[in-house]
Amino acid sequence: NGYGKPNLNSMKLSFSIENQVSDQKEVEFGIRKYTYSYDNNLLRLHINGVPLIIRGGNWGMPDAMLRCDGDGFDLRVRLHKEMNLNMIRNWIGMSTNELFYRACDKYGIMVFDDFWLANPVDGPAPPVNSMFQDNVQSKLLQFRNHACIAIWAGRNEGYPPAMLDSVMRNEVS
């Protein structure tokens, strides 16, 4: 938002066996190149080679957001756009609704997407690391192709436990 149109494309895929369509899907996608650098311990973000000034909101109202339908997500994300914001932080990964990501793609709103680790003082690390890893894989597979995803963040306000940090870094790369 504010750096050009969030061009999206549509592609229809179909698979045939003996000239019979066995499966098909229409996919909407956008192509962006995000680059990252650090300058005096500050994260610098570029999109398609253009440096960004991030103006963001925080998406952390699970009760209200879980009751959204397509129109509700569209309205809330459009209001972020109209406020001249260009990023929404998905706080502690509270929203995993496809409609949220689609609306962000549509309006050119980037997503700073946390995984599910609250502040270190708010609770221990998940006791079942394999389940956490499975959830990370599932989230990445489901949302990784959305042009809006700008940042995957391991933890809210702190570093993840070393084992989980290693798992997340490996899965994201």
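A salt bridge here is a side-chain nitrogen of Lys or Arg within 4 Å of a carboxyl oxygen of Asp or Glu. I note at the outset that the model is predicted.

**Entry: salt bridges**

I looked up K139 and D113 under that rule. Their side chains meet in a salt bridge, with an N to O distance of 2.8 Å. The pair links distant parts of the chain, 26 residues apart, with K139 in helix 4 and D113 in strand 8. I checked the cover on both ends: K139 and D113 are both buried.

How many salt bridges does the rule give? I have the count as 7.

I then took R89 and D114. Their side chains form a salt bridge at 2.9 Å, N to O. This pair, too, links distant parts of the chain: R89 is in strand 7 (residues 87–90) and D114 is in strand 8 (residues 110–114), 25 residues apart. Both R89 and D114 are buried.

The next pair I looked up was E98 and R102. The distance in their salt bridge is 3.4 Å, N to O. What separates E98 and R102 along helix 3? They are 4 residues apart in helix 3 (residues 98–107), so about one helical turn lies between them. I read E98 as partly exposed, at 23% relative accessibility. R102 is also listed as partly exposed, and its relative accessible area is 45%.

**Entry: K139 and its surroundings**

I went back to K139, which sits in helix 4 (residues 129–143). Buried or exposed? The relative accessible area of K139 is 4%, and buried means under 20%, so K139 is buried. I listed its contacts, leaving aside neighbours within four places in sequence: N90, G93, Y101, D113, D114, F115, W116, R144 and W152. D113, the salt-bridge partner of K139, is in that list. D114 is in the list as well, and D114 is the residue that meets R89 in a salt bridge.

**Entry: H80**

I looked up H80 in helix 2 (residues 70–82). H80 has a relative accessible area of 12% and is buried. Which residues touch H80, apart from neighbours within four places in sequence? I found N1, G57, W59, L85, I88 and I109.

**Entry: cysteines**

I searched for disulfides and found 0 in the structure. C68 is in none, and the nearest cysteine sulfur, that of C104, is 11 Å away. A disulfide needs the two sulfur atoms within 2.5 Å, so the pair is not counted as one. C68 is buried, at 12% relative accessible area. C148 is likewise in no disulfide; for C148 the nearest cysteine sulfur is that of C104, 5.0 Å away. That distance does not meet the 2.5 Å limit either, and C148 is therefore left without a disulfide. The relative accessibility of C148 is 3%, which counts as buried.

**Entry: strands 1 and 2**

I traced the pairing of strand 1 (residues 9–17) with strand 2 (residues 20–29): the two run antiparallel and are joined by 9 bridges. What is the bridge partner of S16 in strand 2? I noted V21. The two strands form a hairpin with 2 residues between them. E18 is in the turn, and its phi is positive, about 50°.

**Entry: strands 3 to 5**

I found an open sheet of 3 strands in the order 3-4-5, paired antiparallel. Which strands are at the edges? They are strand 3 (34–39) and strand 5 (50–51), each of which pairs on one side only. I checked strand 4 (residues 42–47) against strand 5 and found 2 bridges, in the antiparallel sense. H46 stands opposite P51, a residue of strand 5.

**Entry: surface patch**

I looked for nonpolar groupings on the surface. Y3, V50 and I53 form such a patch, and their accessible area together is about 280 Å². I placed Y3 in the segment before strand 1. Y3 has a relative accessible area of 36% and is partly exposed. V50, another member of the patch, falls within strand 5 (50–51), an edge strand of the open sheet.

Notes
Residues are numbered from 1 along each chain as its sequence is written. This is a predicted model: local features need pLDDT of at least 70, side-chain atom pairs count only at pLDDT 80 or more; totals for chains, interfaces and linings use all residues. Side-chain values use heavy atoms; hydrogens and water are left out. Buried means under 20% relative accessible area, exposed over 50%, partly exposed in between (1.4 Å probe, protein chains only). Two strands pair if DSSP finds at least two bridges between them. Patches are made of residues with over 30% relative accessible area and no salt bridge: like charges are joined within 9 Å, nonpolar side chains (Val, Leu, Ile, Met, Phe, Trp, Tyr) within 5 Å. Accessible areas come from the Shrake-Rupley method with a 1.4 Å probe; for residues, only the protein chains shown count as cover. Contact means heavy atoms within 4.5 Å.
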